Amino acid sequence: MEFAYTLYLDGLCDCGRPKWECRNEANRGLYEAADVTCYAQAAVEEHTSQKGFKPDPGQRFYAREIDDELIVRRDFAANTNQ
């Protein structure tokens, strides 16, 4: 299983798509740039970019939900306007 996962990862481009797809010359011009905002990452970046911020050695930051009942959850793929 680990070997199969390694093969899968090795087949991906830095963009996250399969290399055989996104590096194929036949697909030139068939992509456009898009962006999306990760509000969880934005919270971490806002916290760590404060003036004078200096993390302790080995300290890592992650986003956690303030109130699980307030989080809107739906299928990401269903929202094609992002």
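Student: Helices here are DSSP runs of H or I with at least four residues, numbered from the N terminus, so in which helix do Tyr 5 and Tyr 8 lie?

Tutor: Keeping in mind that this is a predicted model, Tyr 5 and Tyr 8 both belong to helix 1, which covers residues 2-10, and the two are three residues apart, about one turn of the helix.

Student: And how many aromatic pairs are there in the whole structure?

Tutor: A search through the whole structure finds two aromatic pairs. In one of them, the rings of Tyr 5 and Tyr 8 have centres 6.3 Å apart and planes at 25°, so this pair counts as stacked.

Student: Is Tyr 5 buried or exposed?

Tutor: Tyr 5 is exposed, since its relative accessible area is 52%, and the cut-off for exposed is over 50%.

Student: Which residues form the nonpolar patch with Tyr 5?

Tutor: Tyr 8 and Leu 9 join Tyr 5 in a nonpolar patch on the surface, and together the three have about 340 Å² of accessible area. Leu 9 also lies in helix 1, and with a relative accessible area of 38% Leu 9 is partly exposed.

Student: Switching to the chain as a whole, how many helices and strands are there?

Tutor: The chain has three helices and zero strands, and reading from the N terminus its elements run α-α-α. The radius of gyration is 18 Å, well over the 12 Å that the globule rule gives for 82 residues, so the chain is more spread out than a compact globule.

Student: What box do the C-alpha atoms fill, and what share of the residues is buried?

Tutor: Taken along the principal axes, the C-alpha atoms fill a box of roughly 50 × 35 × 30 Å, while 5% of the 82 residues count as buried.

Student: Okay, cysteines next: how many disulfides does the count come to?

Tutor: The count comes to zero disulfides.

Student: Why is there no bond for Cys 13?

Tutor: The closest cysteine sulfur to that of Cys 13 is in Cys 22, at 3.8 Å, which is too far for a bond, because a disulfide needs the two sulfur atoms within 2.5 Å. The sulfur of Cys 15 likewise has its closest cysteine sulfur in Cys 22, at 3.8 Å, and that is too far for a bond.

Student: Are Cys 13 and Cys 15 buried or exposed?

Tutor: Cys 13 counts as buried at 17% relative accessibility, whereas Cys 15, at 51%, counts as exposed.

Student: What about charges, how many salt bridges are there?

Tutor: There are four salt bridges by the rule used. As background, side chains of opposite charge can pair when their charged atoms come close.

Student: Which side chains meet in them, for example with Arg 17 and Glu 25?

Tutor: Arg 17 meets Glu 21 in a salt bridge, with 3.3 Å from N to O, and Arg 17 is partly exposed at 39% relative accessibility. Glu 25 meets Arg 28 in a salt bridge with an N to O distance of 2.8 Å, and both of these residues are exposed.

Student: Which residue does Asp 68 meet in a salt bridge?

Tutor: Asp 68 pairs with Arg 73 in a salt bridge, at 2.4 Å from N to O. Through salt bridges that share partners, Glu 65, Asp 68 and Arg 73 are joined into one network. Within that network, Asp 68 is partly exposed at 47% relative accessibility, and Arg 73 is exposed at 52%.

Student: Last topic, where is Arg 23 found?

Tutor: Arg 23 sits in the loop between helix 2, residues 19-22, and helix 3, residues 39-48, and Arg 23 is exposed, with a relative accessible area of 53%.

Student: What separates the C-alpha atoms of Arg 23 and Arg 74?

Tutor: A distance of 31 Å separates the C-alpha atoms of Arg 23 and Arg 74, which are 51 residues apart along the chain.

How values were computed. Residues are numbered from 1 along each chain as its sequence is written. This is a predicted model: local features need pLDDT of at least 70, side-chain atom pairs count only at pLDDT 80 or more; totals for chains, interfaces and linings use all residues. Side-chain values use heavy atoms; hydrogens and water are left out. Rings of Phe, Tyr and Trp (its six-membered ring) pair if their centres lie within 6.5 Å; planes under 30 degrees apart count as stacked, over 60 as edge-to-face and the rest as tilted. Buried means under 20% relative accessible area, exposed over 50%, partly exposed in between (1.4 Å probe, protein chains only). Patches are made of residues with over 30% relative accessible area and no salt bridge: like charges are joined within 9 Å, nonpolar side chains (Val, Leu, Ile, Met, Phe, Trp, Tyr) within 5 Å. Accessible areas come from the Shrake-Rupley method with a 1.4 Å probe; for residues, only the protein chains shown count as cover. The radius of gyration is taken over C-alpha atoms; the globule rule is 2.2 Å times the number of residues to the power 0.38.
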